[in-house]
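Let's walk through this model together, one question at a time. Have the sequence and the 3D view at hand.

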Amino acid sequence: MAPAELGVEIARRIAAREGVDASALDPPLHAVIDVDALESLVYPRPDERTDFTGVVSFAYGDHTVTVDGTGTVSITPAEDADPNPDRQFEYNPQ
């Protein structure tokens, strides 16, 4: 998947679950998450390197959207989302 398509793919999947056109999402996806930042994390520019191997999850309406380090998108009903996700962070000051 090309970087510019990640936000479009997420919007399409949410819209399909809600039975509407992606352009009719309310609120628009960009009002809920910074799609550019998400795309930069998952798909850095060719001259950048990322060690991102985790997942990003966020709520959109009645859904939980999860994107992993490969760009795989999953949409689940919010009530099915893991209430205690693994939130381990390592801080390595240089």
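Below are some questions and answers about the sheet, the helices, the core and a charged pair.

This is a predicted model, in which local features need pLDDT of at least 70 and side-chain atom pairs count only at pLDDT 80 or more, while totals for chains, interfaces and linings use all residues. Residues are numbered from 1 along each chain as its sequence is written, and side-chain values use heavy atoms, with hydrogens and water left out.

Q: In what order do the three strands form the open sheet?
A: Strands here are DSSP runs of E with at least two residues, and helices are runs of H or I with at least four, numbered from the N terminus. Two strands pair if DSSP finds at least two bridges between them. The edge strands, β1 (55–60) and β3 (73–77), each pair on one side only. The pairing is antiparallel, and the order is β1-β2-β3.

Q: Which residue in β2 is the bridge partner of S57?
A: Strand β2 covers residues 63–68, and six bridges join β1 to this antiparallel strand. In β2, the partner of S57 is T66.

Q: At roughly what angle do the axes of α1 and α2 cross?
A: Axes are lines fitted to C-alpha atoms, for helices over the stretch in contact, and angles run from 0 to 180 degrees between N-to-C directions. The contact (heavy atoms within 4.5 Å) is made by L6, G7 and I10 of α1 and V35, L38, E39 and V42 of α2. The axes of α1 and α2 (residues 35–42) come within 9 Å, and the crossing is at roughly 115°.

Q: Which element gives the most residues to the largest nonpolar core?
A: Such a core is a set of buried Ala, Val, Leu, Ile, Met, Phe, Trp, Tyr and Cys residues joined through side-chain atoms within 4.5 Å; buried means under 20% relative accessible area, exposed over 50%, and partly exposed in between (1.4 Å probe, protein chains only). Of its 19 residues, I10, L29, L38 and V65 touch the most other members. Each of α1, α2, β1, β2 and β3 supplies at least two residues. With five residues, the top contributor is α1.

Q: Which side chain meets R13 in a salt bridge?
A: A salt bridge needs a side-chain nitrogen of Lys or Arg within 4 Å of a carboxyl oxygen of Asp or Glu. R13 counts as partly exposed because its relative accessibility is 35%. Its partner also lies in helix α1, four residues apart, about one turn of the helix. At 2.5 Å, N to O, the partner is E9.
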